[in-house]
Amino acid sequence: MAAEPRPRASILRAERLGRHFGGLRAVDGVDLDISTGELVGIVGPNGAGKTTLFSLLSGELAPSEGQIFLDSERVTRKPVHTRARMGLGRTFQIVRPFDSMTVAENVAVCAMTHERSRRAAEVAGYEVLERLRLADRAQVPATQLTLAQRKRLEIARALAIEPRVLLLDEVMAGLNPVETDQAIEVIGELHAGGLTVLLIEHNLKVVRGLCQRMLALDHGKPIAEGTPEQVFADERVIEAYLGTRHR
């Protein structure tokens with residue numbers, strides 16, 4: 001009899017996570033448990049708390065309540081740079097390159113989180129640019145990139161810290177269908193290479209095609225979790241997106 005497959009170890013976990021802004025509960029009682037090697041989607045209508053959740057996980061915001069664990073170590077109050085060195089990388093919905101630098105310099109700066117010399121950081125950064133199909137734009141100022149290229153640069157900067165978990169915040173927003181397909185291919189390759197990915201994405205077709213598992217939020221609260229088919233069939237998710245009870 002074949003042995004039962006071992007469950008994958010939890011790499012990123014949140015318990016009863018919450019963030020309040022006055023009377024507004026932007027994130028409210030979220031439990032999250034991401035296993036090594038998973039590709040998990042976070043979905044929900046505008047204002048559901050998705051990006052706020054990412055900011056809590058990565059350290060840009062401190063939680064009002066709850067705990068966060070990275071590879072079983074409590075990181076709830078640890079700063080962004082500490083979590084980055086521990087292997088947590090993220091992108092931003094609004095891309096944030098250093099406009100005064102070239103593409104290569106943007107990535108090399110991020111690689112300095114683990115490389116001991118500028119030369120080593122440049123080499124590591126160039127390897128990342130090759131993976132993201134940006135090597136031919138290495139010496140171009142970041143301001144001269146197209147939106148799709150800037151989105152890929154955002155991913156490259158996050159990859160340069162050598163993350164084990166990558167948080168992707170709407171990296172396909174604003175892209176045309178061809179650019180979206182290219183981005184899907186890149187993310188699929190990163191995941192196939194062993195990277196754990198947590199993805200926020202409004203394009204539901206993309207989420208269905210990429211994600212193994214999903215968590216749906218509405219008004220900061222988790223309303224459904226499971227496979228894409230299970231989540232999108234949930235009446236609470238349908239109501240949150242359509243604003244009316246589906247019949």
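**Close-up views of helix 6 and Ala120**

**View A. The outward face of helix 6 in the predicted model.** On the face of helix 6 that is turned away from its buried side, the exposed residues are Pro177, Val178, Asp181 and Ala192. Helix 6 runs over residues 177-192, and because each of its 16 residues should contribute 1.5 Å, a span of 22 Å is expected, which agrees with the 22 Å separating its end C-alpha atoms.

**View B. The buried side of helix 6 and what covers it.** The buried residues in helix 6 are Thr180, Ala183, Val186, Ile187, Leu190 and His191. They lie on the same side of helix 6, because the arc they cover around the axis is only 135 degrees. The elements covering these buried residues include two strands, strand 3 (39-43) and strand 7 (165-169), together with helix 4 (118-131), helix 5 (147-159) and helix 7 (204-210).

**View C. The two ends of helix 6.** The N-terminal end of helix 6 is capped by Asn176, which places a side-chain oxygen 3.1 Å from the backbone nitrogen of Val178. Just after helix 6, Gly194 adopts a positive phi of about 110 degrees.

**View D. Ala120 in helix 4.** Ala120 has a relative accessible area of 26%, and because this value falls between the 20% limit for buried residues and the 50% limit for exposed ones, Ala120 is classed as partly exposed. Between Ala120 and Ala108, which are twelve residues apart in sequence, the C-alpha to C-alpha distance is 8.7 Å.

Notes:
Residues numbered from 1 in each chain as written. Predicted model: local features only at pLDDT ≥ 70, side-chain atom pairs only at ≥ 80, totals over all residues. Heavy atoms only, no water. Helix = DSSP H or I, 4+ residues; strand = E, 2+ residues; numbered from the N terminus. Expected span 1.5 Å × (residues − 1). Buried < 20%, exposed > 50% of the residue type's maximum accessible area, 1.4 Å probe, protein only. Arc of directions from axis to C-beta. Contact = heavy atoms within 4.5 Å. Polar contact = N/O pair within 3.5 Å; in protein donor to acceptor, adjacent residues only side chain to side chain.
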